[in-house]
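Let us learn to read a protein model step by step. Have the picture open as you go.

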Amino acid sequence: MNRIVFPTNENMSYLSKVESSFEESNYLTVLDVTGQNITEVKLIKNTHPHTTDDIIKECKENHFNVLILPKEENLPIKELKENGTSVFIASEHKNVLTTFSDFVQDKLKRA
């Protein structure tokens with residue numbers, strides 16, 4: 001199982017629009033995925049981690065395997081990769097479900 005996380009501001013499950021950055025989002029929409037199937041959708045309050053250590057700790061504690069957002073921000077990409085979290089960049093602001101579909105179809109850019 002993989003845990004894929006998206007920054008969002010809406011409480012609309014996988015229909016929420018993916019926000020530009022973790023700093024601008026109120027929530028993190030998390031998809032638990034087995035193969036290409038979504039097995040569970042969770043919404044958690046964004047704690048707004050600011051430092052590299054906080055971001056890595058958040059990903060480790062929540063077992064996030066993949067972070068997806070519409071633009072590259074100041075994330076510790078190298079450190080996240082070393083700790084088992086991949087970062088992907090979506091080309092447009094879409095909802096979580098559509099962005100997940102793009103991820104499954106290998107349409108997203110790996111950071």
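**Around K94**

Q: Which residues does K94 touch, not counting residues up to four places away in sequence?
A: K94 touches S16, K17, V18, T99 and D102. Keep in mind that this is a predicted model.

Q: Where is K94 found?
A: Place a residue by the elements on either side. K94 sits in the loop between β5 (86-89) and α3 (96-104).

Q: What joins the side chains of K94 and D102?
A: A polar contact of 2.7 Å joins them.

Q: Is K94 buried, partly exposed or exposed?
A: Read the relative accessible area. Buried means under 20%, and exposed means over 50%. K94 has 23%, so K94 is partly exposed.

Q: How far apart are K94 and E72 in sequence and in space?
A: Give both separations. In sequence they are 22 residues apart. In space the distance is 15 Å, C-alpha to C-alpha.

Q: Now the whole chain. In what order do the elements of the chain run?
A: Start at the N terminus. The order is β-β-β-α-β-α-β-α-β. That makes three helices and six strands.

Q: What does the radius of gyration say about the chain?
A: Compare it with the value for a compact globule. For 111 residues that value is near 13 Å. The chain has 12 Å, which agrees. The C-alpha atoms fill a box of roughly 30 × 25 × 25 Å along the principal axes.

Q: How many of the residues count as buried?
A: Of the 111 residues, 42% do.

Q: How many side chains are positive and how many negative?
A: There are 13 positive and 17 negative side chains. The centres of the two sets lie 3 Å apart.

Terms used:
Residues are numbered from 1 along each chain as its sequence is written. This is a predicted model: local features need pLDDT of at least 70, side-chain atom pairs count only at pLDDT 80 or more; totals for chains, interfaces and linings use all residues. Side-chain values use heavy atoms; hydrogens and water are left out. Helices (H or I, at least four residues) and strands (E, at least two) are DSSP runs, numbered from the N terminus. The radius of gyration is taken over C-alpha atoms; the globule rule is 2.2 Å times the number of residues to the power 0.38. Buried means under 20% relative accessible area, exposed over 50%, partly exposed in between (1.4 Å probe, protein chains only). Lys and Arg count as positive and Asp and Glu as negative; His and the chain ends are not counted. The place of a charge is taken as NZ of Lys, CZ of Arg, CG of Asp or CD of Glu. Contact means heavy atoms within 4.5 Å. A polar contact is a pair of N or O atoms within 3.5 Å; within protein, one must be able to donate a hydrogen and the other to accept it, and residues adjacent in sequence count only if both atoms are side-chain atoms.
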